[in-house]
Amino acid sequence: MGFLWTALDESSDRLQEKMFVVAGYLARQDEWTEIERQWMRRLGQESDPEPIRYFSTSECMYLTGEFKRFSDPKRYPKPNGKIAANSVRDDLMGILRASSTMGFALGINLKDYRAIRKSARARKVLLASPYELAYMMTMMVVVGTCEDQMPERSGIETIAFLCDEHDRSGNIKAVYDRLKDNNPESAPWMGTLTYRDNKKSPAIQAADLLAGHCKEFLIKSLEDSCGESLTDKYKSLFGRNVGIVGMDKRSLELVVNANSMIDAKPSIYSTRQMGLFKDLANVRVPKS
């Protein structure tokens, strides 16, 4: 049996008022091995005072942690430090764009999420935090894409998910187990879910990079709805191997309507979830 590894991570704006994103990349082990080799080689090029050990979107953005070296005004007069940090980020994104990975990102509009949850009916389906829903839907996007594009490989290939290890990791394990139990048609694709420290995993760092980049892109798209299409905009930034799903009021209402009554109980893990995903994908996933 072959394994397709998918690394996922999340990102949101600091006040968690605008957008919550889960994103990551899917690739086979040999592809990940080559990406990680190039990834660590690029980080190692920043060797003064010592090589950068890992990539973090927040540390790159705010010049902290491994990227604090770029905040020294004597070595990097403004805005040179920010430019140098962004150069590292852009080179890493270039490695991913040049690879044969498949990228996935799902963003939830937090203003719409909270507006939908004002109804008692929606609160039975949607938790106070969109955290579990975002991971669940992203996993179903990955599984659904593999089902659609490689139907002959079902039972031969399986997707192993890798997530960042932190205080909410257990929530994702519970989500994943219930997804597998309640979606038997998709279960053959759904393999293990494991955790690693993101500082030790270039694959999770790549997911962090994509999640942070997509969060900024989706927030900007909310503020600038005219001109170039979202498809054209994001393809130029992330490459043609990345798909983005944006969940707004309409798509969140679909979630509530599809899952309000399953055996007289609300559930976001039902066997109807894959059908719901296909409805969302037809509207929200830009075509290549």
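**View 1. Strands β1 and β2 form an antiparallel pair joined by nine bridges.** This is a predicted model, and the opening close-up sits on the hairpin that these two strands make. β1 covers residues 2-12, and β2 covers residues 19-28. For a handy landmark along the pairing, look for Thr-6, which stands opposite Leu-26 in β2. The hairpin has six residues between the strands, and Gln-16 takes a positive phi there, near 50°. As for β2 itself, nine of its ten residues are buried, so the rest of the structure largely encloses this strand.

**View 2. Strand β3 pairs with β2 and also with β6.** β3 runs from residue 102 to 109, and it is mostly covered, with seven of its eight residues buried. Towards β2 the arrangement is antiparallel, with eight bridges. Two residue pairs help you find your place here: Gly-24 stands opposite Phe-104, and Leu-26 has Met-102 as its bridge partner in β3. Leu-26 also turns up across from Thr-6, so to speak, on the β1 side of the previous view. Towards β6 (residues 242-247) the pairing is parallel, and this time six bridges are found.

**View 3. Gly-246 sits in strand β6.** Across from this glycine in β3 is another one, Gly-107. Is Gly-246 buried, partly exposed or exposed? Its relative accessible area is 27%, and the buried class stops at under 20% while exposed starts at over 50%, so Gly-246 counts as partly exposed. Keep Leu-218 in the frame as well: its C-alpha atom is 7.8 Å from that of Gly-246, with their positions 28 residues apart along the chain. Leu-218 belongs to a nonpolar core that comes up again in View 5.

**View 4. Strands β1 and β4 run parallel and share seven bridges.** β4 spans residues 157-164. A good pair to zoom in on is Trp-5 and Ala-160, with Ala-160 being the bridge partner in β4. β1 therefore has a parallel partner in β4, besides its antiparallel one, β2. Cys-163 is part of this close-up too, and this cysteine is buried, with a relative accessible area of 2%.

**View 5. The largest nonpolar core has 42 residues.** Leu-133, Met-139 and Phe-161 have the most contacts inside this core. Helix α6 gives the most to the core, twelve residues in total. Which residues does Phe-161 touch once its neighbours within four places in sequence are set aside? The list is Thr-6, Leu-8, Met-139, Val-142, Val-143, Tyr-176, Thr-192, Leu-193 and Thr-194. So Met-139 shows up twice, as a contact of Phe-161 and as one of the best-connected core residues. Elsewhere there is a second, separate core of 38 residues, and Ile-35, Trp-39, Cys-214 and Leu-218 are among its members.

**View 6. Helix α6 covers residues 131-149 and is mostly covered itself.** Of its 19 residues, 17 are buried. How far apart should the ends of α6 be? At 1.5 Å a residue, the expected span is 27 Å, and the end C-alpha atoms are 27 Å apart, which agrees. Cys-146 is buried, with a relative accessible area of 1%. If you went hunting for a disulfide here, you would come back empty-handed: a search of the whole structure finds zero.

**View 7. Pulling back, the whole chain has eleven helices and six strands.** Of its 288 residues, 51% count as buried. The chain exposes about 13700 Å², and carbon and sulfur atoms supply 51% of that area. Take the contacts with a separation of 6 or more: residues 24 or more positions apart account for 72% of them.

Technical notes. Residues numbered from 1 in each chain as written. Predicted model: local features only at pLDDT ≥ 70, side-chain atom pairs only at ≥ 80, totals over all residues. Heavy atoms only, no water. Core = buried A, V, L, I, M, F, W, Y, C linked by side-chain atoms within 4.5 Å. Buried < 20%, exposed > 50% of the residue type's maximum accessible area, 1.4 Å probe, protein only. Helix = DSSP H or I, 4+ residues; strand = E, 2+ residues; numbered from the N terminus. Contact = heavy atoms within 4.5 Å. Pairing = 2+ DSSP bridges. Areas by Shrake-Rupley, 256 points an atom, 1.4 Å probe, with all protein chains shown as cover. Expected span 1.5 Å × (residues − 1). Disulfide = S-S within 2.5 Å.
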